[in-house]
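Me: I'd like a close look at one part of this model: the charged side-chain pairs, along with whatever they sit in. Take your time, and spell out the cut-offs as you go.

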Amino acid sequence: MGLLNKLKPYPVDLLLYGLPKSADLPDKVSKIFPFPIEFCEKDSQFIIKLEGKVIHRSKLFNSSYLLRNFGYRQPYVTVGDCHTDDKYRGKGIYPNVIHHILIQYRNTHDVYMLVAPTNIASIQGIKRAGLKPMARLQCLKMGPIYLRKKTFKID
């Protein structure tokens, strides 16, 4: 039954935001950011801890099967699986961490983020960090196969 569920087709509809390698990075985030950002190599995550508790994490991926299927070529990194503790939302943590990642990788990699079109809060943070809208990617995913791929330009 598990294998059949993996092969069950489901629609993919994501917005792609990015910053091409060596592109100018707008200074859109807080000059004074009181939270230290750490990189955890074990699970490729940028994290912020307060009193030993992780209050934010943004995972870094060195590849994306979806982006490869849509013709995006290396070198790039994709930022995803981001989460900020509810108590700390609205303090600029998310865009500041993304901006920090852009500063570290923009000279050597394209940097991308994929987000659901309905995730308005994430989209606002992504834009505030300096990523630009690139495309809307739609397809039907069936196991490891992407069918009916469509790309639309977004503003």
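Reply: Cut-offs up front, then: a residue counts as buried when its relative accessible area is under 20%, as exposed when over 50%, and as partly exposed in between, using a 1.4 Å probe and protein chains only. This is a predicted model, where local features need pLDDT of at least 70 and side-chain atom pairs count only at pLDDT 80 or more, while totals for chains, interfaces and linings use all residues. Numbering starts from 1 along each chain as its sequence is written, and side-chain values use heavy atoms, with hydrogens and water left out.

Now the charged pairs. A salt bridge here is a side-chain nitrogen of Lys or Arg within 4 Å of a carboxyl oxygen of Asp or Glu. That rule gives three salt bridges.

Start with aspartate 13 and arginine 136, whose side chains meet at 2.6 Å, N to O. Aspartate 13 sits in strand E1 and arginine 136 in strand E7, so this pair ties together parts that are 123 residues apart in sequence. (Strands are DSSP runs of E with at least two residues, helices are runs of H or I with at least four, and both are numbered from the N terminus.) Both ends are partly exposed: aspartate 13 has 28% relative accessibility, and arginine 136 has 26%.

Next up are lysine 53 and aspartate 85, which form a salt bridge at 2.9 Å, N to O. Lysine 53 belongs to strand E4 while aspartate 85 is in the loop between E5 and H3, so the link ties together parts that are 32 residues apart in sequence. The two ends fall in separate classes: lysine 53 is partly exposed at 40%, whereas aspartate 85 counts as buried at 14%.

That leaves arginine 89 with aspartate 86, where the closest N and O atoms are 3.5 Å apart. Arginine 89 is partly exposed, with a relative accessible area of 49%, and aspartate 86 counts as exposed at 59%.

What do these pairs sit in? Eight strands make an open sheet in the order E2-E3-E4-E5-E6-E1-E7-E8, with mixed pairing. Strand E2 (38-40) and strand E8 (145-153) are at the edges with a single partner strand each, so one side of each has no neighbour in the sheet. From one strand to the next, the twist averages 30°. Two strands are taken to pair if DSSP finds at least two bridges between them.

The strands behind the aspartate 13–arginine 136 link are E1 (residues 10-19) and E7 (residues 132-142), which run antiparallel and are joined by nine bridges. Within that pairing, glycine 18 has lysine 132 in E7 as its bridge partner. Helix H3 (residues 93-105) packs on the sheet and touches E1, E3, E4, E5 and strand E6 (110-115), its direction making about 40° with that of E4. For that angle, axes are lines fitted to C-alpha atoms, for helices over the stretch in contact, and angles run from 0 to 180 degrees between N-to-C directions.

Around lysine 53, E4 (residues 53-61) pairs in the antiparallel sense with E3 (residues 45-50) over six bridges. Phenylalanine 46 stands opposite serine 58 in E4. The E3–E4 hairpin has two residues between the strands, and glutamate 51 there takes a positive phi near 50°. E4 is also joined to E5 (residues 76-84) by five bridges, again antiparallel, with leucine 60 opposite valine 79 in E5.

A couple of nonpolar neighbours help fill in the picture. Contact means heavy atoms within 4.5 Å. Isoleucine 48, in strand E3, is buried at 0% relative accessibility. Residues up to four places away in sequence aside, isoleucine 48 touches, among others, Lys53, Val54, Ile93 and Val97, so lysine 53 turns up in both stories. From arginine 89, isoleucine 48 is 41 residues away in sequence and 13 Å away in space, C-alpha to C-alpha.

Over in strand E1 there's leucine 14. Leaving out neighbours within four places in sequence, leucine 14 contacts residues including Leu66, Leu114, Ala135, Arg136 and Leu137, and Arg136 is the partner of aspartate 13. Leucine 14 and threonine 151 are 137 residues apart in sequence and 10.0 Å apart in space, C-alpha to C-alpha.
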